[in-house]
Amino acid sequence: MAPNPIRVGLFVTCLVDLFRPRIGFAAVRLLEAAGCRVEVPASQTCCGQPAYNGGDRRDAQAIARDVIAAFEGFDYVVAPSGSCAGMIRRHYPGLFDDDPAMRARADALAARTWEIVSFLADVMKWDGVAAQLSGKAAYHDCCSGLRELGVKRQPRALLAKVAGLEVADLPGSEICCGFGGAFCVKYPAVSDALAGDKLRELEAAGADLLLAGDLGCLMHISGKLHREGSRVRARHVIEVLADMGGEPAIGEPG
Amino acid sequence: MNARDGILGRIRASNHRAGPVSVEQATRNAERIAAHRPNLIPARAEGDAATLTTRFVAFAEEVAATVNRVADADDVPAAVATFLASHNLPTELVASPDPALDAYPWAQQPLLTLQRRAGRPEDVVSITGAVLGIAETGSLMVRSGAKSPQTLHFMPPNHIAVLRAKDIVGSYETAWNKLRERMAADGETFPPRTVTLITGPSRTSDIEKTSYVGMHGPHRLHIILVDGQDD
Amino acid sequence: MQPTAHAFKEVSRQKIADPDLQRALLKLKTDFRAKRVQVVNRLPEFEALRDEAKKLKDHVLENLDYYLETFERNCTAAGGQVHWCATAAEARDTVLRICRDAGAKTVTKGKSMIGEEIALNDHLEAHGIKAVETDLGEYIIQLRGEPPSHITAPAVHLVKRQWTETFRALHTASDLAPDRPLDEPRQILDEARAMLRRSFFAAEVGITGANFLIAETGSTVIVTNEGNGDLTQTLAGTHIVLASIEKVVPTLEDAMTLVRVLARSATAQEITSYTTFSTGPRRATDADGPKAFHVVLVDNGRSDLLGGEFREILRCIRCGACQSLCPVYGAVGGHTYGWVYAGPVGAVLTPALIGLEEARHLPEASSFCGACESVCPMRIPLPSLMRKWRERAFETRVTPAATRGAYKLWAFFARRPVLYRAGARAAIGLLGALGRKRGRFRSLPFAAGWTATRDFPAPEGLTFLDQWARRR
């Protein structure tokens, strides 16, 4: 590693931490391959988005303070999630509009926080994908990553370098899958209708693999795929980029 | 307190003011109105006369107006007759009482009759002028007036608009300025009772989001575009 | 109309299962999305125009009293009469009075959302005046007794078969043979045109809305495709314009900036067939036109909204793009929202106008995908405004106690890493063990909301942070 490697604080996200740690390890592998030194603050739990979107502003502020304190020492903070990275980057500053000192710290952290694929492509200018996976994948643009952070071209560009992988066009890739955090259990009928639309699109595209950048969306779509008996499997895009595409897919045993 | 005072008072309070805007702000607002500066004008509204004319025709045809470009004023009556014949339309037209329209050599087409009046329910074809053509979307600017009854632009199922190519401008804003100038020159109060930008015939997409030409307004909009006229 | 917003969840389930509605919504989704992208791409200046539109409207809101007074002065100078109405009731009564003074028995109407909001038609009908909707979409929903389901496409919830059925059942004129052909759209349109023509010529009063009010000239502007708004206002003896107060813009040039983004966003057109600027009654030298011109300015809560955290919704130009692009709207249709305004704009406006208690589901039933904000020509931050409603609901306990408790419980643990880790270790360890064999759960206690329609992927069993700690 270079003498002063870029120090990245990995914000692993609560869903990855709890449900699919291998995504966190994929993140570490890719960040180290790009020349970063990765640290994982042990006190991290959640970015506070559930409280924030639930209207519980006070708890969102409190959680944000903790996150800022835990992560403000790094060169960059990287998350395998457009949703969590978007929360920190786009929404943390506004949580402290009436607290200039905190606002300044939030601004500083926001400026250094990135969703992982856009970090690798746009900040590290890294394209050293050394991965292989046969199959036909379709990429779904998770809403926060797409609209809050402009993640669109980067995952597709990196996936193009995965040997053996065909990436199918998904005309409705920018349409919400219906996860939306608590939305998916508050309005399950609507959430399910949107998942059904996504499933039909995937079948029509002839994909055997669904890739995306947010585990929440992936668990929701994957859950629907399994319930409907679809043969399409789901992974986080960085699992494939980190050459972990052979491991069990989401919701698969092993 | 009446409703007007109540509304204005609440607006002021909501804008954190005890009363109307400051004298300075009122002056700025008044100047803004008086100057009526254009905001951003798209590049497609720029170009020389030939470019704008071509663009006007292209946009108009895109929205199902038909455009017949004729070399000069003498060709207009024949162009009208051709249009009517091609759609099996009657040769009785209701026409704007417009001296500019009268000036075309209608005697060349003795079978055409033009009644100069406002529209009636039984009218089938109207013929009017157009104040201006606007290239950026292929639109016609028409107005109400003694010489241009608004009903003729809307009531008959077929509307023929005679537009001089020299009256094509690029942007909506230029069109408004020209109308302002012309009406000032004529001693008329700007604006007229109605001004309409007409872009194509009437249409609706209320049935399953499919666009169908021809609803309450004209089902056909035929533009006779007259080149080479000098004032 | 009587709000049914509180029934959002139940209605949404019915609507998702309604095959006609779903077919109709599919047409909206497939056609409009693609066409909008095409027409937007054709105007390279679109993004810059959105910025200008936002700026100009923000300027207007800061000076709203000034521009309304200027509008009034110039409209009056042109021979118009301006009426100020603070409430829906005042507006209804004002319109009724004008109609009575004009001896109206029949009134033709162009499309007006503010008219829906103040429930004008019912009021006129209750006083013996027939109000005929002339916009084709509004016409059929009036026949069917339904509210509009979309701002610019009020009958978007209907499939063609329903048009045929409705006209056959409810067009009872004696010159219409019951077995006449009515399956082709052209036949449906021609019949509607013929029916409405009678009303255009009979009406004593024509009522339109206004997309914009122009302070500079005292003009009102309507933007239509059908030509009904123009026939409505030109043929009747009296023209009434109904407009909410935030519709004013300073100059004609400002209106054209908004026109450039409006049709593109509403109907994926460069511009609609007719954009008409009306100023006062007919002039002495005019050959046609109404003899009386009234503008009824309606506040109905806007002046209050102006002073609060939802001010930005007042930039709305009623294009309906947010509705057309919203995935939730696209799944459940506009009637599910239970009042006049559906979709994202409805989610922000409805609680302000009819109360958060009644409308609480509307800002909640969003995944915050952000599609609405990304297409709003006026750059209204719709998800942020919905979130503000959620904050109000949380603070005022409109949000149910169980939900508030759940967020607070999660936050409690999230702020206490030691407890969080211990709890996570236990819960994830258990779930992981239970789920190892199949990799997923078909059902889970406390998670019926998820597992009713989806499997739940089993966790790996050891959290990332625990695994990371072990590897270091």
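This report describes the contact between chains B and C and a pair of packed helices in chain A.

The structure is a predicted model, and the residue numbers follow each chain from 1 as its sequence is written.

**Chains B and C**

The contact between these two chains draws 62 residues from chain B and 79 residues from chain C. On the side of chain B that touches chain C, the elements giving two or more residues are four helices and two strands, which are set out below.

| Element of chain B | Residues |
|---|---|
| helix H1 | 3–14 |
| helix H2 | 23–35 |
| helix H6 | 151–154 |
| helix H7 | 172–185 |
| strand E9 | 194–198 |
| strand E10 | 203–204 |

Of these elements, H1(B) gives the most to this side, with 10 residues. Sorted by class, the side of chain B that touches chain C holds 28 nonpolar, 23 polar and 11 charged residues.

Strand pairing also links the two chains, since E9(B) and strand E9 of chain C, which covers residues 274–278, pair in the antiparallel sense over five bridges. Within this pairing, Ile198(B) has Tyr274(C) of E9(C) as its bridge partner.

**Two helices in chain A**

Two packed helices are described by the angle between their axes and the distance between the axes. For helix H4 (residues 57–71) and helix H5 (residues 82–95) of chain A, the axes come within 10 Å and cross at roughly 115 degrees, and the crossing in which H4(A) passes H5(A) is left-handed. On H4(A) the contact is made by Ala60(A), Gln61(A), Ala64(A) and Val67(A), while H5(A) contributes Ile88(A), Tyr92(A) and Leu95(A). The residues of this contact comprise six nonpolar, one polar and no charged.

Key
Chains are lettered from A and ligands numbered from 1 in the order in which they are written. This is a predicted model: local features need pLDDT of at least 70, side-chain atom pairs count only at pLDDT 80 or more; totals for chains, interfaces and linings use all residues. Two residues are in contact if their C-beta atoms, placed from the backbone, lie within 7 Å. Ala, Val, Leu, Ile, Met, Phe, Trp, Tyr, Cys and Pro count as nonpolar, Asp, Glu, Lys and Arg as charged, and the others, Gly among them, as polar. Two strands pair if DSSP finds at least two bridges between them. Axes are lines fitted to C-alpha atoms, for helices over the stretch in contact, and angles run from 0 to 180 degrees between N-to-C directions. A crossing is left-handed if the near helix is turned anticlockwise from the far one by less than a right angle, and right-handed if clockwise.
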